[in-house]
Each structure stands twice: as C-alpha cells, then as structure tokens.
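Colleague: Got a minute to go through this model with me? I'd like to know what stands behind the labels.

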Amino acid sequence: MNFHWRDGNRLQLLENGEEFFPAVFEAIANAKSEVLLETFIFFKDKVGSELQSVLIEAAQRGVSIDVTVDGYGSADLDGEFAAAMTRAGVRIHVFDPGKRLLGKRVNVFRRMHRKIVVVDGELAFIGGINFSADHLGDFGPAAKQDYAMQIEGPVVHDVHRFALAALAQGQTPRRWWQRRERTPSNGYVGVSRGEARALFVTRDNDSHRNDIEEHYLQAIRDARSRLLIANAYFFPGYRVLREIRNAARRGVRVRLILQGQPDMPIAKFGARMLYNYLMSDGVEIHEYCRRPLHGKVALADYEWSTVGSSNLDPLSLSLNLEANLIIRDHSFNRLLHEKLDRLLHADCRRIPLERIVRGYWWRAPLIFIIFHFLRHFPQLVGLFPAHRPRLELLDPEPVEPTPAPLQRDHQ
C-alpha cells in the first residue's frame, strides 16, 4: 500500500504517558463507531487496566473494537484480564503468538512494533509509546522518555486504511505466489483540519522494507543547517552513518541524543562503538542521563520532522513492522526542536572526543566488521526461510488467569 503527502493536517506533539494516555483514553471514551489499536506492549498494570476499562465501556455501547498486540511484547496479555475484554466484544488479535521455551519468550524477530490508534476514522495517534506504566514519571528511575502524536486531517484516512488492511492480511496470510490485494480507496481523504503537510510511512518485510530508512536518508542528505536525532536504539547501517557524517562535513550542525541510562545496556555499548567514527567529523553526541530514552524522533533544518515507532537499529530497519509520520511544517519542526533542545541542555551530557579516542585502536577493526555486517543485514536475513506473519484471535471464552510475572522485560 503506497501513501501520498497530505495537506491540511492538525498535529499535536504528545510527550510521555502523562500527555499521551489521557488523550487516547478520552478519544476512545468518545468513540462513536470504531476503534483500531495496535501496540507492541499491553498487559495488566495501572495503564493497561485503564485502557481495558475504556475499551470495555466502548464495546458495550456498540463501538467496533479491534486491538492488535505483538506476541512477544504482549506475551502476558492473557487470563481473565484479556477475557473480560473479549466477552464485552473487543476483538484481540495477537501478532505471531509463540509458546515460551523454558519460561522464556523466543519469538524475538519480526515483531509488530507499531503504535497506532485510529478512532472513527477521523482521529489518529502514532508514536513510540506503549500502553504500560513505565511511560509515566511516577514509575521511578526506569520511567521512559518518549513521544507520540495526535493527528486530525486527511492523513488519518491513510492510517485508517492501513490499519484495516493489516487486520485483513494478518487473518488470511498471503502465499508467495499470490498477489498482494490492494485496499480500495473511495477517493475520500478527509476534511482539512490544519496547515501541516504529512506522509504516513510504514516498514514491512514485503514491499516496503526500506521506506522509513529512505526518508531518513533523504532528509539527512538535504539538510543544510541543522540535524537533530533523538533515538533510543541507535545502531544504523553504514548508509545512514555515512550520510550523518557527510552532513557534518558540509557544515550542518548535527546533534544526536542517545541513551545514557538505557533499559538494555547492550544498546549503550553498541552506540558507543560508533562515536569516534561520527565525532571525528564534528557530529555532537549527547547522552540522555535522567532516565531511559525510548523516543524515536528527528528533525532536519526548519521544516522536516518525523515521529514514530522506528528506531535506527537493525531490528527496526530490517525486521520489525514499524510506522512513522513524516511532517513538513515549520511550526511543528520548531516545537519539536524546542522540546529536544531543552531536553539536551537540561538532562544530557555531551561526550568529549578525547574520551572516545582513547582505546580506539582496538575498536576500529571491530567497528569496520560491524559496519559491513549491518550494511548487508537485510540480505542475510533473507537467507532464512520465508516468514508468514499471522494474527491469532483470542478466544472470547473466560480462561483461568496465569500468575503475574515477577519481572517484566520492557522493550
């Protein structure tokens, strides 16, 4: 499914769960006919319980509701917690469900990592925030810093069509010899709600493998003044790294906000292996140290921005199913820049080049190998057997609740 630039959109940047959750819950509470929701993580905590409540109330008054969760990220969505929703009429679809092996989730790759909500085909939310309590400040030191968007206007029609098509295709997997069915469009693209120009972009393992990466590459190549990227899991392929360095060489002020207090230590280790390669040409690297960074946002110059679910790492760029919104709007770009600049100065530390140069002699060969591995990562993955993602509809019958896990691995 191909999408086009849409004019006339109204966009609102939502920072962290404190702004995102109330907006989504209010939209669902006011839904008249339909709610489509996709999320990587949804399980029983205080946020999940509130989402469950508003979904049940909406279903009971006749709203059609489809919730899609990832089989890895939401492996704990079961028992009476899920049954209460399905009995009320909420249809819960699990993307690539998998059984645990020795108590561990093993369906790691090709995850449904999108975070999308569409209400009545008129209001949409896109971003990186999961429906879990660790996106709220009161969660403590491990609370995540993240961003999402509330969208009104013509681009919502594209998000809506995509969400419907994803449901249909997941329930009837396409064989390799079958042509992809096109979701018909009646030509309606929504009423103009604002001034922003926006494009809905997705990444899959079929015909849109590199779409999000290509938009990043083009924005980096076109940048002439400033480039600011805040990304939780930063380990892109060689093309992105090269273009970031080239931008700094031609005089663009390039600033990266990366993890300083990561929820997964390997993310910090991986990113730091790239520091010298980038900083030697003038790229500024700042580590966010207040709490784990989970955002996936960027801006270039004074018009281009993106907010979504895609990290700049091998999983997001080569395996996961992702969704981003690309924006061309001066006002939104300025707002996002103000937010990130404030974050950078208040809660980040700049990494000095001298510190990175020490010990570079042993890092250089390893970096070279990893660069070229990442460059060919998608082709290497293609050597594995073809993957046919599926959606499994949860049984509406009540089942015995399973004990809550003692520790949760948030991705």
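Colleague: How many bridges join strand 1 to strand 7, and do they run parallel or antiparallel?

Modeller: Bear in mind that this is a predicted model. There are 6 bridges between strand 1 (residues 6–15) and strand 7, and the two run antiparallel. One of the partnerships is Glu-15 with Tyr-147 of strand 7.

Colleague: What makes strand 6 and strand 7 a pair?

Modeller: Pairing takes at least two bridges. Strand 6 (residues 123–127) and strand 7 are joined by 5, so they qualify as a pair, and they run antiparallel. Gly-127, for one, sits opposite Ala-148 in strand 7. Strand 7 itself (residues 147–152) is mostly covered, with 5 of its 6 residues buried.

Colleague: Why is helix 3 called largely enclosed?

Modeller: Because 8 of its 10 residues are buried. Among them are Phe-81, Met-85 and Thr-86. The buried residues of helix 3 pack against helix 2 (46–60) and strand 4 (91–95). Right after helix 3 comes Gly-89, with a positive phi near 110°.

Colleague: How do you know that there are 0 disulfides?

Modeller: The two sulfurs would have to lie within 2.5 Å, and the count by that rule is 0. Take Cys-289: its nearest cysteine sulfur, that of Cys-348, is 6.7 Å away, so Cys-289 is in no disulfide.

Colleague: And why does Cys-348 count as buried?

Modeller: Buried means under 20% relative accessible area. Cys-348 has 17% relative accessibility, so it counts as buried.

How values were computed:
Residues numbered from 1 in each chain as written. Predicted model: local features only at pLDDT ≥ 70, side-chain atom pairs only at ≥ 80, totals over all residues. Heavy atoms only, no water. Buried < 20%, exposed > 50% of the residue type's maximum accessible area, 1.4 Å probe, protein only. Helix = DSSP H or I, 4+ residues; strand = E, 2+ residues; numbered from the N terminus. Contact = heavy atoms within 4.5 Å.
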